[in-house]
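Here are a few notes to read alongside the model, written as numbered points. Please keep the sequence and the structure open while you go through them.

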Amino acid sequence: MSATPSTVTAPSAMLRIRPLTDHIGAEIEGVDLSRPISAAQFQAVNAALVAHGVLVFRNQDLPPAMHVDFSSRFGPLVGHIVKRFSVEDFPEVTYISNVKNDKGEMIGADRAGMIWHSDMSYMERPMLGSMLYGVECPPEGADTEFASMFAAHDALPESLRARLNKLRGIHDYPWHYATYLSHRKPLTEEEKAQAPPVTHPIIRTHPVSGRKALYLSEGLTRSIEGMDEAEGRRLICLLTDFSTQPAFVYRHRWQPRDLVFWDNRSTMHRATEFDNQYRRLMRRTTIQGDAPF
Ligand code: OGA
Ligand code: MN
């Protein structure tokens with residue numbers, strides 16, 4: 001394995017950026033998210049997000065109000081389609097959790113995101129990024145994996161890339177829910193109506209850097225427009241496997257008080273299994289992006 005690029009200091013912002021793998025992920029040191037960050041720090045964090053796709057901030061005190069404050073510097077926040085998963089008094093903050101309330105109901109989205117996906121890609125204007133904060137994390141398991149869709153794009157054979165350039169994926173939340181989330185209460189008609197299927201280009205341009213990324217996922221891209229349903233599905237699963245080869249993946253092992261901020265425009269991610277005897281309590285915000293092009 002080749003050596004990971006070394007730490008960079010952003011002088012005016014007084015923060016350090018330490019890449020975690022060759023293609024994806026960086027740890028950010030020298031930022032305290034319990035207080036508003038400076039304009040210079042904001043710019044350095046934003047540039048690091050675009051460059052590295054996933055940013056890890058360790059040992060942060062991040063009550064929901066500050067989570068909202070930091071996230072909303074990057075754009076408007078979008079709450080979960082299922083409103084009962086929200087943190088009390090913070091509709092934009094969602095619990096990702098296996099914890100039950102005293103009525104025995106799940107307080108958050110349980111077993112969310114176990115299949116590779118990019119958050120809410122089924123919206124016309126999907127998420128720019130997401131911020132996930134660990135409150136209680138199992139001592140083992142429940143890692144989150146992230147894949148660089150820049151690296152995947154760049155490694156595609158030229159002929160396949162040319163073919164994919166003309167294609168659009170069909171992103172469909174009700175299909176995803178029915179296929180992968182049958183352990184949960186079914187979506188209501190009203191919830192379904194908020195997320196009709198949409199199409200997006202399979203190769204998208206990052207709006208900040210101009211780099212090209214693959215944009216599809218096994219979890220949320222049902223098929224490919226104009227293609228036989230099963231054939232489109234096979235191609236999506238093949239491209240998901242290709243994109244998630246170990247060299248393109250960063251695996252995050254959670255500690256309580258970690259905040260992980262990822263760019264949904266250039267990465268996919270998935271949750272991994274853990275022993276359900278452990279409590280897992282995470283809080284998440286999602287930041288609205290623009291229509292992919
Ligand atoms: C998410 C998600 C993965 C995890 O919050 O969007 O996919 O490990 N989470 O909880
Ligand atoms: Mn997710």
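1. The shell around ligand 1 is made up of Ile-96, Gly-113, His-117, Asp-119, Leu-132, Thr-144, Trp-262, His-269, Ala-271, Arg-280 and Arg-284. Please bear in mind that this is a predicted model. By class, the residues of this shell divide into 4 nonpolar, 4 polar and 3 charged.

2. Which side chains place a polar atom 2.6 Å from an oxygen atom of ligand 1? Thr-144 has a polar side-chain atom at 2.6 Å from a ligand oxygen, and Arg-284 likewise has one at 2.6 Å from an oxygen of ligand 1. For Arg-280, the distance from a polar side-chain atom to an oxygen of ligand 1 is 2.9 Å. Taken on its own, ligand 1 has 290 Å² of accessible area, and the protein covers 99% of it. As for its location, ligand 1 sits in the largest cavity.

3. The manganese ion, which is ligand 2, has as its protein donors His-117 through NE2, Asp-119 through OD and His-269 through NE2, at distances of 2.1 to 2.2 Å. Along the sequence, these donor residues follow the spacing H-x1-D-x149-H. Asp-119 and His-269 link distant parts of the chain, being 150 residues apart: Asp-119 belongs to the loop between strand E6 (90-97) and strand E7 (127-136), whereas His-269 is in strand E16 (residues 267-271).

4. Finally, it is worth reading the two sites together. His-117, Asp-119 and His-269 are listed among the residues around ligand 1, and these residues are also the protein donors of the manganese ion.

How values were computed. Residues are numbered from 1 along each chain as its sequence is written. Chains are lettered from A and ligands numbered from 1 in the order in which they are written. This is a predicted model: local features need pLDDT of at least 70, side-chain atom pairs count only at pLDDT 80 or more; totals for chains, interfaces and linings use all residues. Side-chain values use heavy atoms; hydrogens and water are left out. A residue is near a molecule or strand if one of its heavy atoms lies within 4 Å of it. A polar contact is a pair of N or O atoms within 3.5 Å; within protein, one must be able to donate a hydrogen and the other to accept it, and residues adjacent in sequence count only if both atoms are side-chain atoms. Accessible areas come from the Shrake-Rupley method with a 1.4 Å probe; for residues, only the protein chains shown count as cover. On a 1 Å grid over the protein atoms alone, a cavity is a set of points where a 1.4 Å probe fits but cannot get out, and a pocket is an open set with protein on both sides within 12 Å along at least five of seven lines; lining residues have an atom within 4 Å of a point. A molecule sits in a cavity or pocket if more than half of its atoms lie within 2 Å of its grid points. Ala, Val, Leu, Ile, Met, Phe, Trp, Tyr, Cys and Pro count as nonpolar, Asp, Glu, Lys and Arg as charged, and the others, Gly among them, as polar. Donors are N, O and S atoms within 2.8 Å of the metal (3.2 Å for Na, K and Ca); water is not among the atoms, so sites may look incomplete. Helices (H or I, at least four residues) and strands (E, at least two) are DSSP runs, numbered from the N terminus.
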